Amino acid sequence: MTTEATGTTKVQKKAAGANVYEKIANIQQDIHVVIKGGTTTHFNYKFARERDVVAEVKPLLGREGLCVTHSLVKEEQQGDLTKLTIKFRITNVKDKDDFVDADAIGYGKDGQDKGAPKADTMALKYFLSKMFL
């Protein structure tokens, strides 16, 4: 077993041959609490940013040989609020027929052109948080 440190997550190589559900369970077992790197001065609290969650999850996805992709299912616009429904797929890179699909919803409020990217970021952060943490 080999160990390497990446951020706050210690990555240990696991046995090969596991299916996607076993690989997800391995990540859930090994992942640490995400350090909240963001602060809002308006409400005076700390929060986990998308990059904080990704920094914890990404090395473990690589270790397990999992790939996460996403595609837009539905986009809704109401004034300056954008709602995206996104389908995320976790695929075992050694077997493209071994995958899990899950939908996530994200909201982004912006009066110009940033509503959809904000909603996409929110959906990814919450998908990763709920799937792996």
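This passage walks through strand pairing, one helix contact and the salt bridges of a predicted model.

Start with the strands. Strand E5 covers residues 66-78 and strand E6 covers residues 81-92; the two run antiparallel and are joined by 12 bridges. One position on this ladder is His-70, whose bridge partner in E6 is Phe-88. The turn of the E5 and E6 hairpin leaves two residues between the strands, and Gly-79 there takes a positive phi near 65°.

E6 also pairs on with strand E7, residues 95-109, again in the antiparallel sense and over 12 bridges. These two strands make a hairpin as well, with two residues between them. Asn-92 has Asp-95 as its bridge partner in E7. Another pair to look at is Thr-91, which stands opposite Phe-99 of E7. E6 thus has a partner in E5 and another in E7.

Strands E6 and E7 are also linked through their side chains. Asp-103 forms a salt bridge with Lys-87, and the closest N and O atoms sit 3.1 Å apart. Asp-103 belongs to strand E7 and Lys-87 to strand E6, so the contact links distant parts of the chain, 16 residues apart. Neither end is buried: Asp-103 counts as partly exposed because its relative accessibility is 47%, and Lys-87 gets the partly exposed label at 31%.

On to the helices. Helix H3 spans residues 115-132 and includes Ser-129. Is this serine buried or exposed? Ser-129 counts as buried, because its relative accessibility is 16%, which falls under the 20% cut-off. Its side chain does have a polar neighbour, since a polar atom there lies 2.8 Å from the backbone oxygen of Lys-125.

As for charged pairs in general, side chains of opposite charge can pair when their charged atoms come close. In this model the count comes to 10 salt bridges. One of them brings together the side chains of Asp-30 and Arg-63, with an N to O distance of 2.7 Å. Asp-30 lies in helix H1 (residues 20-30) and Arg-63 in helix H2 (residues 50-64), so this pair ties together parts that are 33 residues apart in sequence. Both ends are tucked away from solvent by the accessibility criterion: Asp-30 is buried at 18% relative accessibility, and Arg-63 is buried with a relative accessible area of 15%.

A further salt bridge joins the side chains of Asp-110 and Lys-118, at 3.0 Å from N to O. Here the two ends fall into separate classes. Asp-110 counts as buried because its relative accessibility is 17%, whereas Lys-118 is partly exposed, with a relative accessible area of 40%. Some salt bridges also share partners, and in this way Asp-30, Arg-63 and Glu-64 are joined into one network.

To pull the threads together, E6 is bridged to E5 and to E7, with the Asp-103 and Lys-87 salt bridge adding a side-chain link between E7 and E6. Over in the helices, the Asp-30 and Arg-63 pair ties H1 to H2.

Conventions. Residues numbered from 1 in each chain as written. Predicted model: local features only at pLDDT ≥ 70, side-chain atom pairs only at ≥ 80, totals over all residues. Heavy atoms only, no water. Pairing = 2+ DSSP bridges. Helix = DSSP H or I, 4+ residues; strand = E, 2+ residues; numbered from the N terminus. Buried < 20%, exposed > 50% of the residue type's maximum accessible area, 1.4 Å probe, protein only. Polar contact = N/O pair within 3.5 Å; in protein donor to acceptor, adjacent residues only side chain to side chain. Salt bridge = Lys/Arg side-chain N within 4 Å of Asp/Glu carboxyl O.
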